[in-house]
Amino acid sequence: MNNPVGAKSELALVPYWRLSGFYFFYFASLGALVPFWSLYLQAEGYGSREIGWLSAVILATRIAAPNLWGWLGDYSGQRLRIIRWGAGLAAIFFSGVLFSDYAKGWQFECLLISVLLYSFFWNAILAQFEVLTLHHLDDKPQLYGAVRLWGSVGFIVVVAAIGILFDFVSVSYLPWILFSLLLLMWLNSLFLTEVKKSCRLSHWRGFLAIATKKPVLYFLASAFLLQLSFGPYYTFFSVFLERLNYSKTVIGLLWSLGVVAEIAIFMCMYRLLPVLGVRLLLLLSCAMASFRWLLLAYCAEYSWVLIFSQCLHAFSFGTAHAASIEFIRRYFSSQQTSIDHQGQGQSLYSSISWGCGGALGAVLSGYLWSAGNEATFVYAALASTLAFVFVWLGVHKQDALLS
């Protein structure tokens, strides 16, 4: 495929809008959560350590939940049922956040439990949906970016809209917005269809044989470190901008700018992946992440630096995510064996990177934040630099072309 017209004609063969719609609502909820969750908690009177823990628990459930649901999805073949139940239960348990203030003297504990249960099911969804999307795309995995970009659109629409909204109304309305988006995501899941694959179901022995290969281990180490480096950004970037006297509207626009850059790179991925390959894209992502965090550590007082650093989100996140999805597809798909391990592969990637790396990054940033933003973002730069080293040493050069 060499042109956008060809891409459009091939996308017409898949349920494009139903798949894209689910990504839209999933990442719209993320657009409400990530930039404004810390501001909401701060407004509710929680300190930096409590904010760090309440942010970390959302990521920590990705350590166990995706692997459990990934194994169940591969073993049963009922991915869509898992997605629907995960979306519905996530909305039900998140409703506890709406009423946590009524637990006199136990607000933090009740909030923590509600967030823990909500995120356990919410984190069951994405890895299974990634596999469902790739199954629909079949032999056209390079079109993944064209479907996934609608998740980025959802993030932008919500983060920009409620950024403006919270300049006029209290940020305490955030849980109601999130609850509404979770319900819409569940409703969208009812219109999805399952794809039946003619391969034997997964078992642990074959999965572990793939997961312990040297390139996979080095890749997972780099994914862990790269997400570790995002800890200060996802947890305290909005608080950081508020300290610099930016309004919530500007905060929302800066978050949106990063995702606009992400969309731009997703639209180009069908060209970039076959030419540059997984290894080079991962190296580029880690290098740009290190540069980005150093800019925030030493030059954040300049508005043009903040704008430029948000544009680097295209490379520090966008290329890394698309290349990682392709890496997992290649190593864990049934094209390599007669057994499909993609659900467990995507779940392992999610739990190691977003789960372990993201949760530890959030907790560490919560403790380091009191030492200042410079020290916090320098540690982030060091983590992404180490991720670069792992990719350089372990990811094969023959990963340069799509298989």
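Leucine 257 is in contact with Ile307, Gln310 and Cys311, leaving aside its neighbours within four places in sequence. In this predicted model, leucine 257 lies in helix 12. Its C-alpha atom is separated by 6.7 Å from that of cysteine 311, although the two residues are 54 residues apart along the chain. Leucine 257 counts as partly exposed because its relative accessibility is 25%, which falls between the limits of 20% for buried and 50% for exposed.

**Other residues**

Serine 285 also lies in helix 12. This serine counts as buried because its relative accessibility is 0%. Apart from its neighbours within four places in sequence, serine 285 is in contact with Phe315, Ser316, Thr319 and Ala320. Helix 14 covers residues 313-332.

Glycine 345 is found in helix 15, and the helix runs over residues 342-368. With a relative accessible area of 0%, glycine 345 is buried. Not counting residues up to four places away in sequence, glycine 345 touches Phe207, Ile328 and Phe332. From glycine 345 to valine 131 there are 214 residues in sequence, while the C-alpha to C-alpha distance is 9.5 Å.

Asparagine 245 is in a loop, between helix 11 (231-243) and helix 12 (248-298). Is asparagine 245 buried or exposed? Asparagine 245 is exposed, because its relative accessible area is 72% and the cut-off for exposed is over 50%. Its phi is positive, about 70°, although asparagine 245 is not a glycine. Most residues other than glycine have a negative phi.

**The whole chain**

The protein has 16 helices and zero strands. Of its 403 residues, 59% count as buried. The protein exposes about 15,900 Å², and carbon and sulfur atoms supply 69% of that area. How many of the contacts between residues at least 6 apart in sequence join residues at least 24 apart? The share is 86%. The contacts of leucine 174 can be listed as a further example: leaving aside neighbours within four places in sequence, this residue is in contact with Ala32, Phe36, Trp37, Tyr40, Ile162 and Phe166.

**Nonpolar cores**

In soluble globular proteins, nonpolar side chains tend to be buried together. The largest nonpolar core here has 124 residues. Within this core, the residues with the most contacts are Trp37, Trp122, Leu174, Met185 and Trp293. Helix 12 gives the most to the core, with 19 residues. A second core is separate and has five residues, among them Ala56, Ala359, Ala362 and Val363.

**Cavities**

Rolling a probe the size of a water molecule over the atoms shows where empty space is left. The structure holds five cavities of 30 Å³ or more. The largest has a volume of about 530 Å³, and about 100 Å³ of space lies in the second largest. The table sets out the lining of these two cavities.

| Cavity | Volume | Lining residues | Lining by class |
|---|---|---|---|
| Largest | about 530 Å³ | 35 residues | 21 nonpolar, ten polar and four charged residues |
| Second largest | about 100 Å³ | 15 residues | ten nonpolar, five polar and no charged residues |

Which residues of the lining lie nearest the centre of the largest cavity? They are Leu30, Val34, Arg62, Tyr234 and Trp354. Several helices each supply at least two residues of this lining, including helix 3 (48-76), helix 6 (125-137), helix 7 (144-165), helix 11 and helix 12. Helix 2 (16-43), helix 14 and helix 15 do so as well. The largest share, seven residues, comes from helix 2.

For the second largest cavity, the lining residues closest to the centre are Ala223, Leu226, Ala320, Ser324 and Tyr349. Ala320 is also one of the contacts of serine 285. Helix 10 (214-229), helix 12, helix 14 and helix 15 each supply at least two residues of the lining of the second largest cavity. Helix 10 provides the largest share of this lining, with five residues.

Key:
Residues are numbered from 1 along each chain as its sequence is written. This is a predicted model: local features need pLDDT of at least 70, side-chain atom pairs count only at pLDDT 80 or more; totals for chains, interfaces and linings use all residues. Side-chain values use heavy atoms; hydrogens and water are left out. Helices (H or I, at least four residues) and strands (E, at least two) are DSSP runs, numbered from the N terminus. Buried means under 20% relative accessible area, exposed over 50%, partly exposed in between (1.4 Å probe, protein chains only). Contact means heavy atoms within 4.5 Å. On a 1 Å grid over the protein atoms alone, a cavity is a set of points where a 1.4 Å probe fits but cannot get out, and a pocket is an open set with protein on both sides within 12 Å along at least five of seven lines; lining residues have an atom within 4 Å of a point. Grid points are joined across faces, edges and corners, and a volume is the space filled by probe spheres set on the points. Ala, Val, Leu, Ile, Met, Phe, Trp, Tyr, Cys and Pro count as nonpolar, Asp, Glu, Lys and Arg as charged, and the others, Gly among them, as polar. Accessible areas come from the Shrake-Rupley method with a 1.4 Å probe; for residues, only the protein chains shown count as cover. A nonpolar core is a set of buried Ala, Val, Leu, Ile, Met, Phe, Trp, Tyr and Cys residues joined through side-chain atoms within 4.5 Å.
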